[in-house]
Amino acid sequence: MMKRLLVLFLLALLPCLTLRAQEYRVDNGSAQVDSTLVGRSILSVLGSGVTVNQSRAMRSAFDNYVSNNASKKLTGYRIRVYFENGQNARNRSEAVARSISGAYPGIGVYRTFESPNFKVCVGDFRTKDEALKVYHSLKGAYPTAIILKETINYPR
């Protein structure tokens, strides 16, 4: 009799054990955040026919949150499209940065110099999947492009 009660109790408890709330993981001091809506408004996902009533205080609080966190750095991915140290490396890195800025206006382009190399990196991607989408479009024009794990800027 006692065994039956224990089995029934465990069977009743099993569905509760499999349910989980949303997880919030922290790795290396940086929050892992779902980035499917980065750069997009949630209202664009809702579709037509949906009306959202939002107070000015709520919008102001959100804007304050974004501006206060803009200086934070996250671990993410960038695509390095240029890495050279020749005589014309500086001019070529500027040309590459201008070209990518024109072709991809919404994506950040970062030109750096670490002696003796000039580098041009693209994007602030939170996931490797996001970086891969842009990488495939850049790979034809920049065959030496690679995806690197780096510290990225907080999305705006």
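# Questions about a predicted model

This is a predicted model. The protein exposes about 11,800 Å², and carbon and sulfur atoms supply 55% of that area.

Visitor: In what order do the elements of the protein run from the N terminus on?
Guide: There are 5 helices and 6 strands to place. Helices and strands are mixed along the chain, and the order from the N terminus is α-β-β-α-α-β-α-β-β-α-β.

Visitor: Which helices and strands each supply at least two residues of the largest nonpolar core?
Guide: The largest nonpolar core has 18 residues. Among them are Ile-79, Val-81, Tyr-82, Val-96, Leu-138 and Tyr-142, which touch the most other members. At least two residues each come from strand 3 (73-84), helix 4 (89-103), strand 5 (117-125) and helix 5 (128-138).

Visitor: Which residues does Val-81 touch, not counting residues up to four places away in sequence?
Guide: Val-81 belongs to the largest nonpolar core. In general, nonpolar side chains tend to be buried together in soluble globular proteins. Setting aside residues up to four places away, Val-81 touches Val-96, Ile-100, Val-120, Val-122, Leu-138, Tyr-142, Thr-144 and Ala-145.

Visitor: Is Leu-5 buried or partly exposed?
Guide: Leu-5 lies in helix 1 (residues 2-18). With Met-1, Met-2 and Leu-8, Leu-5 makes a nonpolar surface patch of about 530 Å². Buried would need under 20% relative accessible area. Leu-5 has 47%, so the residue is partly exposed.

Visitor: How many residues apart in sequence are the parts tied together by Glu-150 and Arg-78?
Guide: The side chains of Glu-150 and Arg-78 meet in a salt bridge (3.6 Å, N to O). Glu-150 lies in strand 6 and Arg-78 in strand 3, so the pair ties together parts of the protein whose separation in sequence is 72 residues.

Visitor: Is Arg-78 buried or exposed?
Guide: Arg-78 is linked with Asp-124 and Glu-150 in a network of salt bridges. Its partner Glu-150 is partly exposed, at 23% relative accessibility. The cut-off for buried is under 20%. Arg-78 has a relative accessible area of 9%, so this residue is buried.

Visitor: What separates Asp-63 and Arg-59 in helix 3?
Guide: The side chains of Asp-63 and Arg-59 meet in a salt bridge (3.6 Å, N to O). They are 4 residues apart in helix 3 (residues 56-69), so the separation is about one helical turn.

Visitor: How far apart in space are Lys-149 and Thr-75, C-alpha to C-alpha?
Guide: Lys-149 is found in strand 6 (residues 146-153). Its contacts beyond four places in sequence are Thr-75, Gly-76 and Tyr-77. Lys-149 and Thr-75 are 74 residues apart in sequence, yet their C-alpha to C-alpha distance is 7.1 Å.

Terms used. Residues are numbered from 1 along each chain as its sequence is written. This is a predicted model: local features need pLDDT of at least 70, side-chain atom pairs count only at pLDDT 80 or more; totals for chains, interfaces and linings use all residues. Side-chain values use heavy atoms; hydrogens and water are left out. Accessible areas come from the Shrake-Rupley method with a 1.4 Å probe; for residues, only the protein chains shown count as cover. A nonpolar core is a set of buried Ala, Val, Leu, Ile, Met, Phe, Trp, Tyr and Cys residues joined through side-chain atoms within 4.5 Å. Buried means under 20% relative accessible area, exposed over 50%, partly exposed in between (1.4 Å probe, protein chains only). Contact means heavy atoms within 4.5 Å. Patches are made of residues with over 30% relative accessible area and no salt bridge: like charges are joined within 9 Å, nonpolar side chains (Val, Leu, Ile, Met, Phe, Trp, Tyr) within 5 Å. A salt bridge is a side-chain nitrogen of Lys or Arg within 4 Å of a carboxyl oxygen of Asp or Glu.
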